[in-house]
Amino acid sequence: MSTERGPISQFIEKNYLHFNAAALMDAAKGYETHLTEGGKMMVTLAGAMSTAELGISLAEMIRQGKIDIISCTGANLEEDIMNLVAHSHYKRVPNYRDLSPQDEWDLLENHYNRVTDTCIPEEEAFRRLQKHIHKIWKDADDAGERYFPHEYMYKILLSGELEQYYEIDPKNSWMLAAAERNLPIVVPGWEDSTMGNIFASYVIKNHIKATTMKSGIEYMAWLADWYVKNSEGKGIGFFQIGGGIAGDFPICVVPMLYQDMEMENIPFWSYFCQISDSTTSYGSYSGAVPNEKITWGKLDVNTPKFIVESDATIVAPLIFAWLLKQ
């Protein structure tokens, strides 16, 4: 056992020897080997990992250069910032499994939006962010400029405007760490996030032009260019937290380049890991085993493949702890 590692790493190496625990350990070591051999890594964030405060470990992964690009849902993009500026106003509901429809209605009436056991406060989180992001959107619109959703978020974070509201240690915000590094991000389906809905409302009211926000197709075109420029040598790995569009959108860049752009020498993803508690099922993307991706031209026969069937809020921080030698 390596003594250069901290107690968390030593614990999992000693105890995580079989079943999903062993898969976790294998995936972590595979990720580490991929980086050691010069590879780059994409991390995809589904669900509400930001509200689960994954930023505590994810931000340090970004700072230490162990992540080269992120694909995330619009919810994860905005909810990390909301947690940064409104943390003390969040409401935890440990008995969420026992809530009645009336209990849920009462939360709505009190302007709380529930994500499993955590309620996000509408006024302090959504509206506080809206007030500031609206100005950045509008300024770009007036100037005839266009940016991606994450670029607007980077602008507001780097402006310092939100510092007056910080309620957690800024080092635990992965979006702040990403903005400071100008980390590449793709946000497929951003429109279905709260900020996406708010932006749409301004478009409907003819207050802002829809074209002021760059689209998902433009994200795919940008990602294609990034992949071509970064896939030499060891290549790019794919570390998928959850499933859904955050994973399926970026992984498709490889078959698109190969089949539709006819780049026959484009490399496959060179490492693949998925953490998911979705059971293998009929027609489910999240529940598809990694080998299915071979038939879609996403993974090679020899790509190292790992799947950890467990709760990502438990597994991801442990894998990150191993990579950070904690």
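Two strands are taken to pair if DSSP finds at least two bridges between them, and helices (H or I, at least four residues) and strands (E, at least two) are DSSP runs numbered from the N terminus. The structure described here is a predicted model, in which local features need pLDDT of at least 70 and side-chain atom pairs count only at pLDDT 80 or more, while totals for chains, interfaces and linings use all residues. Residues are numbered from 1 along each chain as its sequence is written, and side-chain values use heavy atoms, with hydrogens and water left out.

An open sheet of three strands, with antiparallel pairing, has the order β3-β5-β4. Its edge strands are β3 and β4, each of which pairs on one side only. Strand β3 (residues 91–92) is joined to β5 in the antiparallel sense by two bridges, and the bridge partner of Lys91 in β5 is Cys119. On the other side, strand β4 (residues 112–115) runs antiparallel to β5 and is connected with that strand by four bridges; in β5, Asn113 has Ile120 as its bridge partner, and Tyr112 stands opposite Pro121. The hairpin of β4 and β5 has two residues between the strands, and Thr116 there takes a positive phi near 55°. Strand β5 (residues 118–121) is covered on both faces, with Thr118 and Ile120 buried on one side and Cys119 and Pro121 buried on the other, where buried means under 20% relative accessible area, exposed over 50% and partly exposed in between (1.4 Å probe, protein chains only).

Helix α6 packs on this sheet and touches β4 and β5, its direction making about 55° with that of β5; axes are lines fitted to C-alpha atoms, for helices over the stretch in contact, and angles run from 0 to 180 degrees between N-to-C directions. Helix α6 (residues 122–143) also packs against helix α7 (residues 149–159), at an angle of about 115° and with the axes 10 Å apart. The two helices α6 and α7 are therefore roughly perpendicular, given that angles under 35 degrees count as roughly parallel, over 145 as roughly antiparallel, 65 to 115 as roughly perpendicular and the rest as oblique. In this arrangement Leu129, His132, Ile133, Ile136, Trp137 and Ala140 of α6 meet Tyr152, Met153, Lys155 and Ile156 of α7.

A second helix pair is formed by α3 (residues 55–63) and α8 (residues 174–181), which pack at an angle of about 15° with their axes 8 Å apart, so that α3 is roughly parallel to α8. Gly55, Leu58, Ala59, Ile62 and Arg63 of α3 make the contact with Trp174, Ala177, Ala178 and Arg181 of α8, contact meaning heavy atoms within 4.5 Å. Lys171, in the loop between α7 and α8, is in contact with Ala59 and Arg63 when its neighbours within four places in sequence are left aside. Lys171 is partly exposed, with a relative accessible area of 45%.

The largest nonpolar core has 96 residues, and those with the most contacts inside this core include Ile70, Trp137 and Trp174; such a core is a set of buried Ala, Val, Leu, Ile, Met, Phe, Trp, Tyr and Cys residues joined through side-chain atoms within 4.5 Å. Helix α14 (residues 312–323) gives the most to this core, with eight residues. Not counting residues up to four places away in sequence, Ile70 touches Val43, Leu45, Ile62, Trp174, Leu183, Pro184, Ile185 and Val186.
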